[in-house]
Structure formats: C-alpha cells, structure tokens
Amino acid sequence: MIVHVLILWAVIGSAAVLSVVVHRRRTTDADPPEYGLVLSFVGAAYGLLLGLLVVFAVGHFNDVRTEAQREASSLVSLYDTLRVYPSETADPVHHDLFCYMRSIVHDEWPSMARGNELEAPRTLRLGDRLRANLRALPTEGSAQSSAYGRANSLISDAGQSRQRLLFLTAPEIPTILWVVIYVGAFLVFFLLAVHYAARTDGVVLVLGSVAVLMTVVVAVLSMLDQPFGLGVRAHPDQMRQAMDLLMSGGGTKPAVLRACT
C-alpha cells in the first residue's frame, strides 16, 4: 500500500511541476487554451477505471471471506460426521482436527499475512496427519462406510478451500493496470493544474481535494487487492467461530483438547 501511495505522490508532484513550467512559458497576452472538454473526458474515463478496479478488488477480498467460511464449514461438518464412530476411534481424529484448525489460525494466517503463498510447515504436517488418520478409519457397517466417504470428501473440500486461500494471497491487479492508474492520475492532475493556473481563487483547494481523493482511492484499492496485508486485513474469524462452536457443542473432552504435538 505504502509503495503505491508514494508512487502516486511522485506522479502528482511531477504533474504539478510540469503544469507550472507550461504556465510560465505561456505568453501573458495569449488567450489561455480551453481544457474543459479534454478534462471532462479524461476525468470521466479515469473515474470509471478506478470504479471498476475497486469493484474488482472488493470481489477479491470477498473471495477470501467466502473461502474461509467454506473451509470452516467443511471442518465443522467433518467433526460432526466422525461422531458415528466410538470415542476410542473418534477422539484421536477429533484431536488431530482441532490441532489442524488451531494451526490454520495461529500458523497459516500469519504466514499468509507475510505474503507467503505456500502452506505453513506445521499446518501442512498436521493436515497430512489428519488425512492419513481419516483414510485409516474403519468401515464396518453402512453407517461407518457412509461416514468414511463423507469424511474424506469433506477434508478434500477443506483442502481445496485452503489452496484457494493461498492463491488469493497474491495481488490480482496486474502491474500494467497500476501503470494505467498512475498515467491517468498524471493526466487528470496536470490538466486540472493547467486549467486552473490562471484562476488563483480556489486552485489550491481543487488540486488538494483531487490529490487527497486519489490517495484515498489508491490506498483502498491496494489494500483490498492484498487482503492479508495491512489496512483491511482479513482475519480467521470464521475458523475461530468454528472452534468455539465445536467446543460449546460437546467437544471439550480432555482427549480432544489436549496439547498438540
């Protein structure tokens, strides 16, 4: 976010300097050119571009929340599915499931906040152990056979959501679009500065308002495009709520909530 804002300020400063040079080279007796039509077209096009990009970035942020909710829901359903097994079979798997969920909150999400697009080592190890234990579940009778198939399907769904969340750590607005944003900011600010150069009344207010608006939009845009970074950072609230739900529903056995290894 900070990098994008600093680049924008450099672009705005360059546009301001260039507008001063153009204004000083204009002869005093010459009629000032009319930039109103050009400014209206460029401003409208630039505003439309920023609006579309903000909508796109909001969709990126919402995708993170949707996948986090899907992952948490899949793991809650997995916990409930394992209830058909006796305690001596289900408790160890429930324990591994809780350890995996804790690791997602305490290891995986901080890793994604640092921009890591790979699964945290501890989360990967606990996830592999959970999947191995699920594959080793007994299938005696129709109830256990059905639970076995559903459990492995649910852990597969949760794994897919985890991979999508890892993919979403990468910004989705390509560099070329950021270049377009900066070029548009340069043109809009330059045209405004030249257009109001001969009008001393209110020029500082106009240019200052445009600079502040551009800064806010670019900052919000960059934050939404990096949902695990600073600003509007997404948090693993869904996973925390899932663990609270399971513990309040009878998942507080010492065998299930013991320390993870």
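Helices here are DSSP runs of at least four residues, numbered from the N terminus. The structure is a predicted model, and the exercises below work through it part by part.

**Exercise 1. Find where Thr-81 sits, decide whether Thr-81 is buried or exposed, and list what Thr-81 touches.**

Solution. Begin with the place in the chain: Thr-81 belongs to helix 2, a helix that covers residues 36-81. Next, take the accessibility, which is 10% in relative terms, and since buried means under 20%, Thr-81 counts as buried. Then look at the neighbours: leaving aside residues up to four places away in sequence, Thr-81 touches Ala-147, Arg-150, Ala-151 and Leu-154. With one of these, Arg-150, the contact is also polar, side chain to side chain, at 3.4 Å.

**Exercise 2. Work through the same steps for Thr-123, and state which side chain makes a polar contact with the side chain of Thr-123.**

Solution. Thr-123 is placed in helix 4, which runs over residues 121-135. Its relative accessibility is 0%, so Thr-123 counts as buried. When residues up to four places away in sequence are not counted, the residues that Thr-123 touches are Tyr-100, Ser-103, Ile-104, Asp-107 and Glu-108. The polar contact is made with the side chain of Ser-103, at 2.7 Å.

**Exercise 3. Identify the disulfide and explain which parts of the chain the pair ties together.**

Solution. The count of disulfides comes to one, and this disulfide joins Cys-99 to Cys-260, with a distance of 2.1 Å from S to S. Cys-99 lies in helix 3 (residues 87-113), while Cys-260 lies in the segment after helix 9 (254-257), so the pair ties together parts that are 161 residues apart in sequence. The handedness follows from the torsion about the S-S bond of Cys-99 and Cys-260, which is about -100°, so the disulfide is left-handed. As a last step, consider the surroundings of Cys-99, which has 0% relative accessibility and therefore counts as buried.

**Exercise 4. Describe the largest nonpolar core, and say which helix gives the most to this core.**

Solution. The core has 70 residues, and those that touch the most other members are Leu-75, Leu-78, Trp-109, Leu-134 and Ile-181. At least two residues of the core come from each of several helices, among them helix 1, helix 5 and helix 8. Helix 2 gives the most, with 14 residues. To see one member in detail, take Leu-134, which touches Leu-78, Leu-82, Val-93, Tyr-148, Ala-151, Asn-152 and Ile-155 when residues up to four places away in sequence are not counted.

**Exercise 5. Compare the reach of helix 1 with its expected span, and state what covers its buried residues.**

Solution. Helix 1 has 24 residues and reaches 35 Å from its first C-alpha to its last, which is close to the expected 34 Å. Its buried residues are His-4, Val-5, Leu-8, Val-11, Ile-12, Ala-15 and Ser-19. An α-helix has 3.6 residues a turn, so residues three or four places apart point the same way. The cover over the buried residues of helix 1 includes helix 6 and helix 7.

**Exercise 6. State which element of the chain has the lowest mean pLDDT and which the highest.**

Solution. For the chain, the mean pLDDT is 87, and 92% of the residues reach 70 or more. Among the elements, helix 9 has the lowest mean, 74, and helix 4 the highest, 94. Where pLDDT is low, the predicted coordinates should not be read in detail.

Notes. Residues are numbered from 1 along each chain as its sequence is written. This is a predicted model: local features need pLDDT of at least 70, side-chain atom pairs count only at pLDDT 80 or more; totals for chains, interfaces and linings use all residues. Side-chain values use heavy atoms; hydrogens and water are left out. A disulfide is a pair of cysteine sulfur atoms within 2.5 Å. Buried means under 20% relative accessible area, exposed over 50%, partly exposed in between (1.4 Å probe, protein chains only). A nonpolar core is a set of buried Ala, Val, Leu, Ile, Met, Phe, Trp, Tyr and Cys residues joined through side-chain atoms within 4.5 Å. Contact means heavy atoms within 4.5 Å. The expected span of a helix is 1.5 Å times one less than its number of residues. A polar contact is a pair of N or O atoms within 3.5 Å; within protein, one must be able to donate a hydrogen and the other to accept it, and residues adjacent in sequence count only if both atoms are side-chain atoms. pLDDT is the predictor's confidence in each residue, from 0 to 100.
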